[in-house]
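I opened this structure to look up a few side chains and how they pair, and I keep my notes below in the order in which I went through them.

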Amino acid sequence: MASSGGLSMVRRAVEAVRRTPRWQKRLVFLTVGVGTRGGAFRFWEAECFKIDPTSMKIHCRAGDGTNVDGNGEFVVDYDYLVVTVGAKPNTFNTPGVVENCHFLKEVEDAQKIRKSVMKCFEKASLPNLTEEERKKNVHFVVIGGGPTGVEFAAELHDFVNEDLAKLYPDVKKYVNISVIEAGEHILTMFDKRITHFAEDKFKREGIDLKTNFKVVKVSDKTITMTNPATGEIAVPYGLAVWSTGIGTRPIIMDFMKQVGQATRRVLATDEWLRVNGCDNVYALGDCATITQRKVMEDVDAIFRVADKDNSGTLSVKKIKHVLGDIYQRYPQVELYLKTNQMKGFHDLLKDKESEELNIEEFKKALAQVDSQVKMLPATAQVAAQEGAYLADCFNRMNTCEENPEGPLRIRGAGRHRFKPFRSVIKCYALTSGTSENLVHMLLTFAVKVDK
């Protein structure tokens, strides 16, 4: 999970599994006891290097050789597996990025950034420097205008203005924070109102937003970028943070090949976070994405479910009987209605003169709703909600097996055990705060839209 948190107090950003944490590896395995709440669990600090879904085993390796062979490898059987290994930064093979940029993926990254920020201010405070040299030392560049890059830029702005300005009053006037985005706007995965609010807020706060700029090279002194209007330019900087997207970890690449997802960048799951093709394997966070089922893929089945008397036609009354299940199973339907300011499903049928629809008319009414299918952003907020949802499902698995609470199975009998996962995006204003904000693990976004 991406994070700009931990720059202030790392020990407050990391929740220990044991009383004395040891985080030499970031892949942690828990086996949870069946039974009451607070049941026994086991913890191993190790790295998983292979998932075998056929035999339901994971192959692990400890940091030090601890077994007979001395290689530290061991195998764990599982009934249910939850994959949450995250992702690695995606550099797009841009020259110089790995050598010269900071990333926002691990706690160690946050520690390095904090030290580098302080070092930049110390350099800019040295005597006998020209004004240009001081500006270069405290020019902080964030490459990537997604949620993580925007959040980090906002938090860095607060940190500089509320804390570092007191320690380095003579340096503050030279500070410049730039956000470089290859597209036309930042936060393009959200509502346009959020994008516009964030861009306006950055402008008011003095954060330099450069859109339509593509970074092509990073050296230890300059960032080279291209723009259709300006051509290629080189910009001096003091610290660069690369936040342009996520790449796939080797273990996930190998696993995807085994489950028929070799052409993907991240694991595909259904709306219940189950990995497609593996009923007993779940995935959440940056290593996976939910593939929302399309209405038009199931439109014939939806028609049959709603047409209980097999008349071959549907009335508004018939549709209303299953409308709640349709909204749960296909949230894009309700979103489409709201986006187009429709009061209800009947508004989709406004061009239909009769009260009955045949299958072709039903398809025509729903033809555009899948345009509202949205991919969830790869943020810690979404991952935290996925984790809470999945834990709740596991805790109530036996209860919901007997009393399913999910929507009707469109392509099968009965109901789904659980309601599908739904993310609630919470947004907050880009207002000045204190350095305490820097320990937040990107649980909130840095923008707010008044409705």
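I looked for nonpolar surface first, in what is a predicted model, and found a patch of about 250 Å² made by Tyr80, Val82 and Phe394. Of these residues I followed up Val82, which lies in strand 6, residues 81-83. Val82 has a relative accessibility of 35%, and I therefore enter it as partly exposed, between the limits of 20% and 50%.

I then turned to the salt bridges, for which the count comes to 22. One of the pairs I looked up is Asp220 with Lys221, whose side chains meet at 3.6 Å, N to O. Another is Arg274 with Asp270, at 2.8 Å, N to O; here I noted that Arg274 is partly exposed at 23% relative accessibility, whereas Asp270 counts as buried at 14%.

I also checked Glu297, whose side chain meets that of Arg293 in a salt bridge of 3.5 Å, N to O. Glu297 is partly exposed, with a relative accessible area of 43%, and Arg293 is likewise partly exposed, with 29%. Following the shared partners from this pair, I found that salt bridges join Arg293, Glu297, Asp298 and Arg411 into one network.

My last entry concerns Asp286, which I located in the loop between strand 17 (281-283) and strand 18 (288-290). Is Asp286 buried or exposed? Its relative accessible area is 2%, which is under the 20% limit, so I enter Asp286 as buried. The side chain of Asp286 makes a polar contact with the side chain of Lys105, at 2.6 Å.

Conventions. Residues are numbered from 1 along each chain as its sequence is written. This is a predicted model: local features need pLDDT of at least 70, side-chain atom pairs count only at pLDDT 80 or more; totals for chains, interfaces and linings use all residues. Side-chain values use heavy atoms; hydrogens and water are left out. Helices (H or I, at least four residues) and strands (E, at least two) are DSSP runs, numbered from the N terminus. Buried means under 20% relative accessible area, exposed over 50%, partly exposed in between (1.4 Å probe, protein chains only). A polar contact is a pair of N or O atoms within 3.5 Å; within protein, one must be able to donate a hydrogen and the other to accept it, and residues adjacent in sequence count only if both atoms are side-chain atoms. Patches are made of residues with over 30% relative accessible area and no salt bridge: like charges are joined within 9 Å, nonpolar side chains (Val, Leu, Ile, Met, Phe, Trp, Tyr) within 5 Å. Accessible areas come from the Shrake-Rupley method with a 1.4 Å probe; for residues, only the protein chains shown count as cover. A salt bridge is a side-chain nitrogen of Lys or Arg within 4 Å of a carboxyl oxygen of Asp or Glu.
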